[in-house]
Each structure stands twice: as structure tokens, then as C-alpha cells.
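Reader: Walk me through this one, feature by feature. Please give the general idea each time, then the case at hand.

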Amino acid sequence: MFCLFVHLDGFRQLERIRPNIVHDLVALVDQTLARSGATRLRREGGVFLYLFAGSAEPDHRQMLEAAFSLHAELERYQDELTDFSIVLEYLANDEPGDVMRRLRNCLGRLTEERSVWIGPKGSPVLAAEADVSQHGDFLRVESAVRTSSHKLSDCADFMRNEVFIASMLDRIEPWLNAEPRPGIALISCRDRVYARENARHVLRALYGSACDERWVTLYPSEREDESVGPIANSIAVDFLPHVTTLLHPHELKLWRAVEGALRHIAESPTQFGLFDGVEADVLAAWALYLTALFRALKRDLLPPVIVMESVDLFPLDAVRLLRRVYDRVAAEFAPLILATSVKPVVPVGLADIATVHDELPLFGADEVTDHAVRFLSEAAERHIRIADCCRRTRGLPLELYFHFVNVQDALEHAASTRIDVKQQAEESEARAMLERLNQDEREILAIAALLGGQCVGTLVAEISARLGYEQLRLRQVTRRLVALGLMRDAESMFVETTRVREAVLSSCGSDRKRLEAAVGRTLLTVVDARQARLTPSLLSTVLSSADDWIPALRDLLRHALDARRFERAAKILNSGADLAARAGNPQLVRQILAGAELRHALLLGDQVRADRLWESRSAFHGRTAFERSVEADTTLEHARYVIARGNRPQAVALCKRAIMLYQEGGDSNGIGRANLEFGQLLLGQEKLSDARDYFIMARPPGGATHDDYPTLRARSAELVCLFLGGELTRVADQIDDLRNRCSALGLREAELFLQLLHGRVRFELGYYREALTQFQQALCDAVMYRVSEAQRVLRAWIARCLIYLGDSDSALLALLQLPATDEVRFFRAEAHERKGEPDKALAEIGSAAEQSAALFRSPEQIEWSSGFASIEDRAIGVTGGDSVLGHLVKSFRAYLLALTGDPDQGIAEFHYLTRKEKISAADPYNRLYYYLYSIILPYSPGSDREDPLTVLGKSVKYMQERSSRIDEYRDKRSFLSANYWNKQLLDSARSHNLL
């Protein structure tokens, strides 16, 4: 903020001889400056310091006017005051007392008294507001009004085409009255900026006094996620808090689930998160965002408008996504689409929407002449040669504006710039104009050009601030650059014109490498401080920063693969040779890329590529701590590969080595990831307690939140351990918190798994109605995020809930629509059995299910082959024996054999299952196998295989052990009396006095 310093010379003497005058003087200074919004910070005798609290606002003329008003008032006391000085200075973070002492000490060096001065910190901002003269570090204000003979209008005003605007308003007027339904108004022009500015002028005329850009504007830039990039550029972050007040309750519930994705893309890469279903989230969130915004406009009697700038540059996926959103909101609001393009047609995905087209003509000789008369000073106008202008600018209005600025500026400052407008070279007008910018303006524009549209303006501003540009100065410069047509807007700081970007970077000359390196190092500092994420596009900005970018490269690849942003990872992997060539340690970069490529292949299930990478692997031994950590990354990926190939003993050895290397490298994130995989291996050996210990160790130390991916995977694995151990209440208590964490980070498939697990807990406890609801909610999410395998599993479990709720007919109808997997056939058999049709049930199961061949699958992936695969089957049957589903199918088949007249075969199969296969003690359904066995033993009185009561007793024992681990009394009671098979078991035990 700015301050105003006043020094009244001879004040002490005046206090002694004219105390009344002193009182009047103090009151005069206070009152005069108070009218301008200044407040006094302190006074020491005749030295005053005032603060302009509003000095961060765009207009600083109020401070100059306040200084000159005070100057005029003090001149009235010229007989009483020996002298006085007024200084305007930028306070920054300095202490007021230090500022007063510094300015008081500087007064002796100033040659003019009774003057208004600008201090050295305030001069970069205020010098342009007045005519000044240099006196050492200070500027003396000669006049409060700049005496320039003529000031060219801003680029936006220069571009305004009144005839075209009126014509376009006439074209869309019927649509505004909904006669007929609004469509697309397309403005085509070779000059994209000219088309964009006239589209804005049309909307300003349409919205009138409400012209605060309440329309929605999409434009293409260089964001990483191309399909959602234009949407990301359209979001007004300030409006997001108001969305909730404009949505209906059912909409609000969805908004709270997906809002994070919209914030993520709007603030990316500064906003952290994973969002493996980003497109689906944005589709839902942006539709609700538009709904809220359009309702606000409707309340204010304003039309809903969507602007698509340079729509011909939109990626195909972005057009597809936009069309889906448009179809969602069009029924309620019928928004008008105003599009600009170089081409005279809209993209194919929008072609069926009614379109009116107007071509915005470029400038000919008449337009050049008209603009010269309207916008140039008389002196500049005399130097304009119309034919030369048309040739130089090719009729492009933006180029003509640049040319006019150059001519006007050259004439006004010819003495200092030494430029002869008649002898300008054929260089671009943008390059010529850039040479007239001061160093601050050129460097800030270069910073924006380096970062392009790859990130939000807040990150560009943060980097500029770290390079020494104060926020106030930065705002002033960006406003000027926007006014000159060099930036799209002050918020995004996007240099959208390629020729401007190229010109500004080349204009830096020998400073370009220094500036690129400074921007790159500063960006890396922001990334290292975890205030931003690096993206593939931003990576190109940091490549000039020695090898400091290599750790950021690894973090980028880790994060991209964590979030399943395979297109991001592919961009890096495809440019691997170039990256290695640019590194001081190419072998290290190649090792990082090799590990990431193997993980990429594993996550995609690409066995051919994974096998090739495994066979072509080379030895790498790190020397530094970071290199040891990179070596550990490779070792961990090798462990995951051999897990996918089924070689678990080798995987154990590799995981142990990875843990050791991560420890040597001091990589806590890597240690957590390796502990997690080792815990999975222990879980596959049915060592539930040991596995859970490693899952706990996989959490980052000190509750850090930047390692969310391994943390949430580990916590999910912990819940699986608790589920298998029968601690169902604890699972239910923890699952909601974990789901919320997954939702906030955008880990949608992990959240979907937790919904499945929650439904399974409800089902086990006998809460079949609640389980049904949970599976139905999960199915909605699976459809939304297009997880087709999960949809099949959830539909099957919804049908199973119907079976146990007594509606077997509806369940069968649903199950018959699904592929006949072992799980679906088992559920169909259950439905027929409950209907009293054991023959049909047995026909569904057929012969005992054979162990299917294991698929090549990364241990990081969630298994959706059945509802048991990602829970029980992670522990049981992994290293030998059958899976839980296999045991359920075999036991139910044996039971059905007895019901259909072949009890001896059924008993034989049960005997083999319980004696020969030695069912795991960790199997949660031991009680069910033994109970069904006890039921059919009496069907064959001559059998001497087992005693029915002994087998029933074993079943009771297993049930009691499992129920004893359920903490909540209500849950325990439901488990024993509401769970269908447990209730049958309990009744049978009571009838035989076993309880």
C-alpha cells in the first residue's frame, strides 16, 4: 500500500511562538487527506505519515490529487512555514517508523522545496500517472496531469465494429425472445482477437449495465487435460461458493460429490488431487455450475449465454464433452452460444444446432483511414501511409493496432527512442511495440509467454512475485499489457497470440536464457514446496534449470500414474529420448522413465509391452540418496511385474530390497509404497495380522497429506483385513471417513470399491435392505464413471439382495441379463433354491467350477471379476487352494445334490472339501460350509463319514468366533438373527441344545 509523508520545516519554532497555528495546521493536514481516504499512521512533531488503504486499487490518481490538494492548502501558510515537502511512497512490508526515518534522512538531498515527490519504491507505479523530473532516486512531480498530446485507446475499444455489433444483435434478437429456440451465433474472422473483442462488445450491449462478464467463456489453451481444458478456463472461482445457494437438494448432493474436480481443473496445477474420473466429474459438476449460474441470470432477467472463443481449435473430446453438458442444461435454459472461429463452420459435434453465421471483415483502406482519423493524434495521422499500413498489417486489426501504437509512441518520444517511423524495417509490429515497453513490462510478459496457458494466472503471478515483482506493480503491468492487446486478460495472464509470444521471447535477447532459467528454478521451488504440481507442458519450462528438474520429473510421473492420467504419462514417455539428452545425468533420467513405462504397461494390462520391458531391463546402481530412491522405484516395479506373472517368492525378495533402497534414499513416500506391496504379499499368504502391520507402516509419517495415494490404498487394505477377521463394526465405522477422503481427492474407483465393501458389510450383518441401497448407489457411480466391470458385479449383488429379501423372481430376471460368470451362476442357483427349485439351482451351477487362469494384472488395480475378488480373494486361495467363491460354489452344489436325490455324492464332495482341501481358517464362510454339510448328512443314514452334530458343532464354533469380533450389539444381534443362513444355523443349534 502507498503512504504519504509530510515534512513541515520550522515546526518546532512555530509550536513555541504560534501554538494556535500549529493546531490549525495539524487539523488541516488531517482533514485534507481524510477526504481522499488516507488515514494517519503516526506524527512526530512536524513529520506526518498517512496510509492510503485503497492504494491497491487500479486508479492511483487519487493519491496524486490528494498530494496536490495538500500542497495548495499548505501554500496558504507560506508566511508561517519555512518550507515543506510531500512524498508519495510505496510502504511494502516496511515498518512505518523505518519509512519515516528513511524519508526524513533523504530530504537533505532533494534540491527543490515546497514540492510533491515520488519515492524510489513508488516510482515504478506512479511515474506513468504524471509529468515528472528525475532528482537522484526521487521523482519531482511537475504536474498532476500527464501532458502527452494524445493517448491511443485500449485495444478493445480500437477493435469495436459498431456496424457488425448492430448486425449481430439483430440476428440473435429472435432467439432472445425464444422465437425460435436459441442456437449458435458464429463469428468467423482470420484475426481471432478481433473476433473475440467484437463478441465481447455484442455481449456488453446485450447485458447493458450488468456487463461484468456474467456470460460463460470457454477458450482453448495449453492445459494438460484437453477434453476439459476449455471448461477449466471458463470457471469463475469467485462464483463457486454461490453455487450451493442456487441448487435444489438433489442437485446439491451431487454437487458436493463432484465440486472438487471443478476446483481441481480451475486451479490446476496448484490444486492437488488425483481425479481418475476427471471427465465424468467435470461433466456433472460443470452442468450444475451452469445450472446455478443460469438460474442467477434468470432471477435478474438476463439471458444465458455461452461463449466459445476459437471453437475451431477445440479438441474433439472437448467438443464432445461440451455437447453433453449443453444437452443437459438446454432443456431448462436454452442458452445462446456465441462462437468465434477462423472457419465459417462449427465443429461436427455441434453441427445439428441451429446456426447463424456472420463473417467479420478485415480492414481495407477505408477502415484504416477511419481508424487513423478516430484514434491517432494529428501528427501521427500525417505519418500514416494507408497503402503501407494495409501491406504491413495484411488487414489484421490487431496488427494495425500495434502499428498505430508504434507510430504514436515513436513520434511522442522520438528524442529518446531515436526511431524514424518512415524507415521501420519489415519486422513484426508486435516486436517493434515490445521494444517500447519498459523492462518490467517486457519481463512480466515474457514470464507469461513462457508459461503460456498451461496454468492459471495465480501461478504466473506467484512466480513473478518470487522473482521480485510486487503484487501492486504486477497488477498495473498486466492491466497495461491487456490494454495493449498483448495479453488475453489480467486474470489468466495468457499470451494467446503466437506471434506475440515469439516476439517477446526473442526481444529478450541475451537475457532470454537468464529469464528462462530464473522462471524454471522458481517454478521448481514452488513445486518443491508442494504449492503446485508440475505438468508435462510446464516441464518444458524447467528444462533450462540444470538438473534440478529430474526429481520433479519423477514426481510428475508418479502423480500422473497414481491418477491414471495415462495421456500425461504418455507425453513424457514419448519424449524420453529428448529428456535424457538434455540431462546432465542421462542414465538417471532413462532409469526413471524405464520404471514409469513398466508401471504404465502394468496399469494398462499390456502384457506384451511389460514382458519386453522386463526382458530389456538393465542394471542400475545409485550412488546418491536420490539415485538410490530411483533404483528402488525400478525394483518396486519389477516386484509388481513378477506379482502379475504369479511369481510371489521373487516378489517378496524384490519388495524387501525396494524397502531397503528407499530407506537409504530417505524417501518416505517410496517406503510407504513398498510397504504396501509387501503387505499385499503377506495378505496373500493369509497372514492378516502381519499384513495389517505393513499397511499401517505404509502411511506417511507425521500425518502428511501429500502421499494420499499410497495412504488411501493402505487404509483400504486394512479394512479388508478387518473384514476377513470378522471385525465388521470397525469396518463400518471407518469406511465413511475413508470414502470422503477418496471423494475429495477424486479417487473414484477406490471410492467405488469402498462402496462395494460397505455393501458387503451390510449384507454380512443381515441388513439386506441397507445393502441393497448401498449397491444401488454404487451402481449409479459405476455408470457415471463408466467402470463396466464394476457395473456387472454390483448388478449381481443387487440381485442377491433381492433374493435374501424374498424376491427371487425379480432377482432371477436381473441375473439372466448378466453374463454367466461363476458368481452370477451361483446367485441364480441361490434364487432357484429359495424358490424351492433345487433341480434348476443344480443345473445353474453344473459341475464344480474349475480354477480359472490368473489374468495379467497389476497389484495396484482393483479386481472386478466378482464381488469377492477384491476382498476375500486377496488373501484366500492366492498361494494355493481354491478361492472363496470356489468354496461357496462347491459347498452349495454338494448341498443341492442331496436335495435332488443324490445325498451320497453330496456328502462325498463335502467330505473332500472339508477334509482334503483343508479350507483356510481365514475363510469367513467356514460356518456356512459346515452347516450345509450338517444338513445333508442325515439324508444318508448309512453314511459313516461324519457325525451330523459334530459337524454342526464346528459350524456353531466358527459362527461364535466371528460374532465375538463384532463390537456393536445391534450389529451382533443382526448378524446372528437377521443374516439368513446364520439364523438357520442358530435355530438348528438350539434345537439340538448346542447353545
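Author: Start with the surface. Accessible areas come from the Shrake-Rupley method with a 1.4 Å probe, and for residues only the protein chains shown count as cover. Here the protein chain has an accessible surface of about 41,300 Å². Carbon and sulfur atoms hold 48% of that. The model is predicted: local features need pLDDT of at least 70, side-chain atom pairs count only at pLDDT 80 or more, and totals for chains, interfaces and linings use all residues. Residues are numbered from 1 along each chain as its sequence is written, and side-chain values use heavy atoms, with hydrogens and water left out.

Reader: How many of the 995 residues count as buried, as a percentage?

Author: Buried means under 20% relative accessible area, exposed over 50%, and partly exposed in between (1.4 Å probe, protein chains only). In the protein chain, 57% of the 995 residues count as buried. The C-alpha atoms fill a box of roughly 130 × 70 × 60 Å along the principal axes.

Reader: What share of the contacts join residues at least 24 apart?

Author: A contact means heavy atoms within 4.5 Å. Take the contacts between residues at least 6 apart in sequence: 71% of them join residues at least 24 apart.

Reader: How many helices and strands are there in the protein chain?

Author: Both are DSSP runs, numbered from the N terminus: helices are H or I with at least four residues, strands are E with at least two. The protein chain has 48 helices and twelve strands.

Reader: Which span does α12 reach, and what is expected?

Author: The expected span is 1.5 Å times one less than the number of residues. Helix α12 covers residues 278–299, 22 in number. From first C-alpha to last it reaches 31 Å, close to the expected 32 Å. Of its 22 residues, 19 are buried, so α12 is largely enclosed by the rest of the structure.

Reader: Where does a positive phi turn up just after α12?

Author: Most residues other than glycine have a negative phi. Leu-301, just after α12, takes a positive phi of about 60°. Ser-310 has one of about 50°, although it is not a glycine. Ser-310 sits in the loop between β10 (305–308) and α13 (316–333).

Reader: Is Ser-310 buried or exposed?

Author: Ser-310 counts as buried, because its relative accessibility is 10%. Arg-530 also is not a glycine, and its phi is positive, about 60°. Arg-530 lies in the loop between α24 (511–528) and α25 (536–542). At 39% relative accessibility, Arg-530 counts as partly exposed.

Reader: How many cavities of 30 Å³ or more does a search find?

Author: On a 1 Å grid over the protein atoms alone, a cavity is a set of points where a 1.4 Å probe fits but cannot get out; lining residues have an atom within 4 Å of a point. Grid points are joined across faces, edges and corners, and a volume is the space filled by probe spheres set on the points. The search of the whole structure finds seven cavities of 30 Å³ or more. The largest holds about 200 Å³. It is lined by 17 residues, with Arg-558, Gly-595, Ala-596, Asp-633 and Glu-637 closest to its centre.

Reader: Which helix supplies the largest share of that cavity's lining?

Author: That is α31, with six residues.

Definitions and conventions: 1 Å grid on protein atoms, 1.4 Å probe; cavity = no way out; pocket = protein on both sides within 12 Å on 5 of 7 lines; lining within 4 Å.
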